[in-house]
Amino acid sequence: MSDAALPGGAPRARPKLFALRNRLARSRRFQTWAARFPLIKRVARAEGEALFDLVAGFCHSQMLRAVVELGLLEMIVEIPRTPDALAGKLGLAPDRALILLRAATALGLTEPAGQGAFRTSRRGAALLGVPGLADMIRHHDILYKDLSDPVAFLRGETDPELARFWPYVFGEGAQTDPDAAARYSRLMADSQGLVAEETLKAVSFKSASHVMDIGGGTGVFLSAVLGAYPGVRGTLLDLPGVADHAGARFADADQSDRVTLSPGNFRLDRLPNGADTITLVRVLYDHEDTTVAALLAKVFDALPPGGRLVVSEPMSGGDAPERAGDAYFALYCAAMGTGRTRSPREVAGLMTTAGFTGVTEPRVDRRFITRVVTGDKPR
């Protein structure tokens with residue numbers, strides 16, 4: 001879990017060597033030579049392509065949005081079609097349909113099928129199979145607006161729409177716009193399912209008898225735990241307007257007799273006792289450090305000696321930044337204006353300060369979905 005770097009994130013390396021490397025990389029003459037030299041031309045080409053992908057990233061994301069919005073992948077997932085055959089269904093002129101199909105193919109979402117036709121690729125089919133992913137791509141229009149002037153955004157000179165969006169959807173908007181509330185509740189539930197799947201692969205709950213999921217929303221994660229461990233009981237704690245909707249999920253899964261719904265506010269209320277395992281799934285990164293520290297202290301007090309805390313959420317790579325945690329979720333949290341992504345080392349530090357011992361980071365297969373940190377209350 002240690003971040004192998006000097007203070008400030010500087011890697012352990014010879015400064016003069018890195019300065020020479022960067023001078024060469026900036027040299028146009030060196031770039032031209034490297035592109036022709038047999039031993040390194042493959043590396044030079046890969047770096048050039050990666051650099052161009054950064055430049056063209058906005059166009060890529062917009063084409064992805066168009067593919068999803070127009071339902072292109074569904075149209076050709078089983079039967080290949082030509083741009084002319086698709087044009088009317090897409091509401092595009094044939095030449096623009098061809099542009100879209102070629103762009104989607106360049107992004108790996110579609111592929112040529114012969115005789116001018118295209119079909120959905122394996123990657124495109126996988127996109128269709130990931131619950132909530134298409135809805136998340138559609139939802140990005142709000143985040144893109146907030147990032148339209150990235151410098152002003154980073155300087156705090158903008159008023160992000162995302163900061164008003166979620167409170168509206170799950171606050172007053174739930175009454176005035178119930179369709180939006182239902183749509184985005186499904187989005188959160190679908191994505192939570194992926195987090196649950198990854199967390200349950202990394203963490204065993206065999207030793208647990210009672211799991212309390214704080215901020216558990218509509219019960220996706222807790223229901224997954226109860227489904228995997230039939231002998232476990234559960235408590236779900238969330239705001240009254242949220243926790244009340246979890247009952248239907250547990251009833252559908254025939255788990256109602258094993259679950260206690262506990263409407264409450266973990267910032268204001270004392271946590272219920274009785275659970276030997278407490279889970280915080282996509283909770284900490286929604287809040288500032290002071291709120292997180294107070295919550296972890298409450299969790300520590302609510303657990304019995306030997307009890308365990310499981311934290312699962314997208315995290316920063318710390319001194320080794322990662323795309324998911326540092327170039328996506330960090331921006332999302334900044335736009336929401338309520339929290340931040342933390343590295344596993346930071347989460348572990350906060351847990352240790354709260355009194356937890358044996359803090360570890362179990363390995364997960366898909367770190368772009370979630371990372372996990374666990375700790376125990378001393379016996």
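Begin by selecting Leu 17, which counts as partly exposed because its relative accessibility is 48%. The model on the screen is a predicted one, and Leu 17 belongs to helix 1, the run of residues 15-26. Add Phe 18, Leu 20 and Leu 24 to the selection, and you have a nonpolar patch on the surface, whose four members together offer about 320 Å² of accessible area.

Move next to Asp 141, in helix 9, which covers residues 133-146. With a relative accessibility of 28%, Asp 141 counts as partly exposed. If you also select Arg 65, you will find that the C-alpha atoms of Asp 141 and Arg 65 are 8.8 Å apart in space, although 76 residues separate the two in sequence.

**Aromatic rings**

How many aromatic pairs does the count come to? The count comes to 6 aromatic pairs, and a good one to display is that of Phe 205 and Phe 221, which is edge-to-face, with 6.5 Å from centre to centre and 65° between the planes. Phe 205 lies in the loop between helix 13 (178-202) and strand 3 (210-214), while Phe 221 lies in helix 14 (residues 220-228), so this pair ties together parts that are 16 residues apart in sequence. Both Phe 205 and Phe 221 are buried.

Now select Tyr 285 and Phe 329, whose ring centres are 6.5 Å apart and whose planes meet at 50°, so that the pair is tilted. Because Tyr 285 lies in the loop between strand 6 (277-281) and helix 17 (289-302), and Phe 329 in helix 18 (residues 323-336), the pair ties together parts that are 44 residues apart in sequence. Tyr 285 and Phe 329 are both buried, and if you add Tyr 328 and Tyr 332 to the view, you see the cluster that ring pairs make of Tyr 285, Tyr 328, Phe 329 and Tyr 332.

Which residue lies over the face of Phe 205? Returning to that ring, you will find Arg 308 over its face, 5.4 Å from the ring centre. A further case to select is Lys 377, which lies over the face of Phe 300 at 4.8 Å from the ring centre.

**Salt bridges**

A search of the whole structure finds 15 salt bridges. Select Asp 289 and Arg 342, whose side chains meet in a salt bridge with an N to O distance of 2.8 Å. Asp 289 is in helix 17 and Arg 342 in the loop between helix 18 and helix 19 (344-354), so the pair ties together parts that are 53 residues apart in sequence. Asp 289, at 33% relative accessibility, counts as partly exposed, whereas Arg 342, at 1%, counts as buried.

Go on to the side chains of Lys 201 and Asp 365, which meet in a salt bridge of 3.4 Å, N to O. This pair links distant parts of the chain, with Lys 201 in helix 13 and Asp 365 in the loop between strand 8 (357-360) and strand 9 (371-376), 164 residues apart.

The last pair to select is Arg 371 and Glu 322, which form a salt bridge with their closest N and O atoms 3.4 Å apart. Arg 371 lies in strand 9 and Glu 322 in the loop between strand 7 (308-313) and helix 18, so the pair ties together parts that are 49 residues apart in sequence. Arg 371 and Glu 322 are both buried. To finish, show Glu 197, Glu 198, Lys 201, Arg 363, Asp 365 and Arg 366 together, since salt bridges that share partners join these residues into one network.

Key: Residues numbered from 1 in each chain as written. Predicted model: local features only at pLDDT ≥ 70, side-chain atom pairs only at ≥ 80, totals over all residues. Heavy atoms only, no water. Helix = DSSP H or I, 4+ residues; strand = E, 2+ residues; numbered from the N terminus. Buried < 20%, exposed > 50% of the residue type's maximum accessible area, 1.4 Å probe, protein only. Patch = residues over 30% accessible without salt bridge, like charges linked within 9 Å, V, L, I, M, F, W, Y side chains within 5 Å. Areas by Shrake-Rupley, 256 points an atom, 1.4 Å probe, with all protein chains shown as cover. Phe/Tyr/Trp six-rings, centres within 6.5 Å; stacked < 30°, edge-to-face > 60°. Lys NZ or Arg CZ within 6 Å of the ring centre and 35° of its normal.
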